[in-house]
Amino acid sequence: MEQRILQIALDTPLHTVFDYCWRPQEEGEAIPAIGHLVVVPFGRREAVGVVVGHVQASELGADKIKNVIAVRRQMAPLSAHWLALCGFAADYYQRPLGEVMLPGLPKNLRALTTVALDKALKALDKTPAPKKRKAKARSAGAEPVDPAELPAAEQPQALPDPMQFGPAPSLNAAQQEAVDAIAGADAFAPLLLYGVTGSGKTEVYLQAAAAILRRAADAAQADGRPPQDGPPAQILVLVPEINLTPQLEGNIRARFPHLNVVALHSGLAEGERARNWLAAHLGQAHIVLGTRLAILSSLPHLKLIVIDEEHDPSYKQQEGLRYSARDLAVWRAHQLGIPVVLGSATPSLETWQHAQAGRYRRLELRQRAAQQAVLPKVKVIDMERDKPVDGLTSTLIAAVRKRLEHGEQSLLFLNRRGYAPVLACDACGWISNCMRCDAFMVVHRPERRLRCHHCSLELHIPKSCPTCGNVDLQPLGRGTQRVEEGLHAIFPEARVLRIDADSTRLKGSAQSAFDSVHRGEVDILIGTQMVAKGHDFKKLTLVGVMNPDTALFSHDYRASERLFAQLMQVAGRAGRAGLSADGSSGEVLIQTRYPHHPLYQAVTRHDYDGFAGELLDERRQAYFPPFMYQALLRAEARELEQAMAFLKEAANILDAPAITINEPIPMTMMRVANTERAQLLVECASRPALQAFLKEWLALLRQIRTRARWSLEVDPVDI
């Protein structure tokens, strides 16, 4: 029998593909196609890999090459476009191809048995029962079954027209211009949808998607495709966080009730994720809504990509393959020749610079979409003059009380969970340091725990000082739990709800909490960044921001950009539905000790354009991104000296005239989980030159003998 050599990508840290011999099990069996999943022996175990090439011969000897064990023929092979996307990601982010492809697939598709895969495929088989019976009778040589002879329960049902969409509101002129630009693009078109909070960006996404789906359906019908099959087009919508998917998914399903809409994110059960991924892969899913991992899904009929809140740092993966879903989305749109929409009220400086340079087309929504809805009035409260009590100034307390009297909702934003950042002893100066990290253990009073938010170490709150025995230990500072306690004391009649990572640990709890806010069952909402973006609370008219000043003095040059975006986003939750009961617009109060800081003044003016322009000028003068390209080499070891020794050797192993290799330094938080960490920043004004250097450099780094673990991140967002 014929034998061929297959090149297989496997999930290993080795920068290579592996040769395996394929021998047909029976006469006429076709060779596995490029893109097929296969099971192969690897060392002492078996592994699932992806066929990425066919060759006539291998450099391995005949006695060393192993045979393919099985081929997953029940699943259609992955497309050339998907393989090219993974190839680009592996090449750009300097990772092995298999480490991109295999983790990008649902776990159930990578299993060594086919039980989960077969179950998922069976669940997707929605062929009507009468049609199945006809096919079965025909295959058995029997006469076809007349539908009129079938029982009533098995009569063929009239299928709804998949192109019957739900009602859509009328658009204002700016929204219509944006829809026309997106839907009218017949080639690669990167579009920045720059719209203030509440300006109706979601409606633009929906109506542009509807136009693209209709055009695809009309073209398919002209070619004779049955309309009940739905349009041969797919839309991918990315959101930065899981908790933003339910509200948007509800809007999408209401608008497209007869199309197949699926979600893809890490919060799904493995079986559901596999079904949804396969529905997209087989072209059955018309709209895919997901977080960053959805960018690596297989979408054979992709016609539009939407990246909502494109500025959000959550789009950058921070472990393993450290990819940017936003950047991969733009590359994928270019590869397919389709439009990609980057939506935000506070675009990232990289995206803003692309628009300023003319590489992206900017579509603007300068006004809120709802009738009578205007941007909220933003005021700063000087905490040196209005001293806070329980974290709240008298001005903010009075504003919350006023909203309670009007039956409206208030949101207090504090991006610090737990009860207090640290527990301290006044007698001897002891503080609750984490014994494994360079960080404080945070007080979680309801659970009576000290918890490290970096290594997850938990301890009981001590009854007395571990150093001197003093029983009068004091929590310092405030987290959301402590603010919640204070609100109950100040407003005992109010319904207070806290939403943060601690209160929403159980599956479904976050959505349940947000639903209660939407139903008006909450008067005062206290939360972290989970509540700061994307949510449309109709009755919320007041936002209070607590303790934002720490970000003003961060070592990270991106901190001011992120703080401004965070404040603008959370401010945008106020007054989205129109004027409040007293005829005023929404109100935002920012408590600060630096009321005259330029950042806060820009927020009060809602002046993203001016603030972004100033930041870009600073970045240009300092040679920071987006005017410089970077890569970050991290090393960690039990001893800092080991990590630093590796980085010092790495810094001197290769010279390149256009490359700046900075001195290795310990990371700001040097120790995490008893591991010492250091970093080395590499910079270059040319992206191609940096990429060429990194390829050569990495080959040399792999030859260094070291006990340190190391990793490379291209385009780092946290330095």
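Which residue of S4 is the bridge partner of Ile8? The tour of this predicted model opens with that pair and then proceeds through the domains, the cysteine site, a helix, the nonpolar cores and several backbone features.

**Stop 1: the six-stranded sheet**

Select Ile8 together with Val51, its bridge partner in S4. Extend the selection to the whole of strand S1, residues 4–9, and strand S4, residues 45–55; the two run antiparallel to each other and are paired over five bridges. Now add the remaining strands of this open sheet, following the order S5-S2-S1-S4-S3-S6. The pairing across the sheet is mixed. At its edges are strand S5 (66–67) and strand S6 (70–71), each of which pairs on one side only.

**Stop 2: the domains**

Colour the chain by domain. Domain 1 covers 4–104, domain 2 covers 173–365, and domain 5 covers 629–714. Domain 3 is assigned in two segments, 377–418 and 478–619, while domain 4 takes in 422–476. To relate two of these regions in space, compare the centres of domain 3 and domain 5: taken over C-alpha atoms, they are separated by 39 Å.

**Stop 3: the three-stranded sheet**

Select 442–444, 449–451 and 458–460 in turn; the first and last of these are strands S17 and S19, and the middle one is strand S18. Together they form an open sheet in the order S17-S18-S19, with antiparallel pairing. Because S17 and S19 stand at the edges and each has a single partner strand, one side of each is left without a neighbour in the sheet. From one strand to the next, the twist averages 30°. Between S17 and S18 there are three bridges. To see one bridge pair, display His444 and its partner in S18, Arg449.

**Stop 4: four cysteines**

Next, display Cys425, Cys428, Cys465 and Cys468. An unreviewed UniProt entry lists these four under "binding site". They are spread over 44 residues of sequence, yet they cluster in space, the largest C-alpha distance being 8.7 Å.

Is Cys465 buried or exposed? With a relative accessibility of 4%, Cys465 counts as buried. This cysteine lies in the loop between S19 and S20. Beyond its neighbours within four places in sequence, Cys465 is in contact with Cys425, Cys428, Trp430, Asn470 and Leu473.

Move on to Cys468, which is also placed in the loop between S19 and S20. Its relative accessible area is 39%, so Cys468 is classed as partly exposed. With neighbours within four places in sequence left aside, the contacts of Cys468 are Cys425, Ala427 and Cys428.

**Stop 5: helix H12**

Select residues 480–490, which make up helix H12. The buried residues of this helix are Thr480, Gln481, Arg482, Val483, Glu484, Gly486 and Leu487. To find what covers them, add the following strands to the display: S15 (409–413), S17, S20 (473–476), S21 (496–499) and S22 (524–527) are included in that cover.

**Stop 6: the nonpolar cores**

The largest nonpolar core contains 122 residues. Within this core, Leu236, Leu278, Ile295, Ile305, Leu599, Leu633 and Trp697 touch the most other members. Centre the view on Leu278: not counting residues up to four places away in sequence, Leu278 touches Met75, Leu109, Leu117, Ala120, Leu121 and Leu124. Another core, of 39 residues, lies apart from the largest one. Its members include Met163, Ile212, Ala216 and Val239.

**Stop 7: backbone features**

Which two residues does a cis peptide bond join? Select Pro625 and Pro626, where omega is about 10°. Pro626 lies in the loop between helix H16 (608–622) and strand S25 (629–637).

Two further residues have a positive phi without being glycine. For Asn547, phi is near 55°. Asn547 is found in the loop between strand S23 (540–545) and helix H14 (559–571), and with a relative accessible area of 36% this residue is partly exposed. His606 likewise has a positive phi, of about 55°. Its place is in the loop between helix H15 (598–604) and H16. At a relative accessible area of 24%, His606 is partly exposed.

Notes:
Residues are numbered from 1 along each chain as its sequence is written. This is a predicted model: local features need pLDDT of at least 70, side-chain atom pairs count only at pLDDT 80 or more; totals for chains, interfaces and linings use all residues. Side-chain values use heavy atoms; hydrogens and water are left out. A nonpolar core is a set of buried Ala, Val, Leu, Ile, Met, Phe, Trp, Tyr and Cys residues joined through side-chain atoms within 4.5 Å. Buried means under 20% relative accessible area, exposed over 50%, partly exposed in between (1.4 Å probe, protein chains only). Contact means heavy atoms within 4.5 Å. Domain bounds come from an automatic or database domain assignment. Two strands pair if DSSP finds at least two bridges between them. Helices (H or I, at least four residues) and strands (E, at least two) are DSSP runs, numbered from the N terminus. Axes are lines fitted to C-alpha atoms, for helices over the stretch in contact, and angles run from 0 to 180 degrees between N-to-C directions. UniProt positions are given in the numbering used here, feature names are shortened, and annotations may be inferred rather than shown by experiment.
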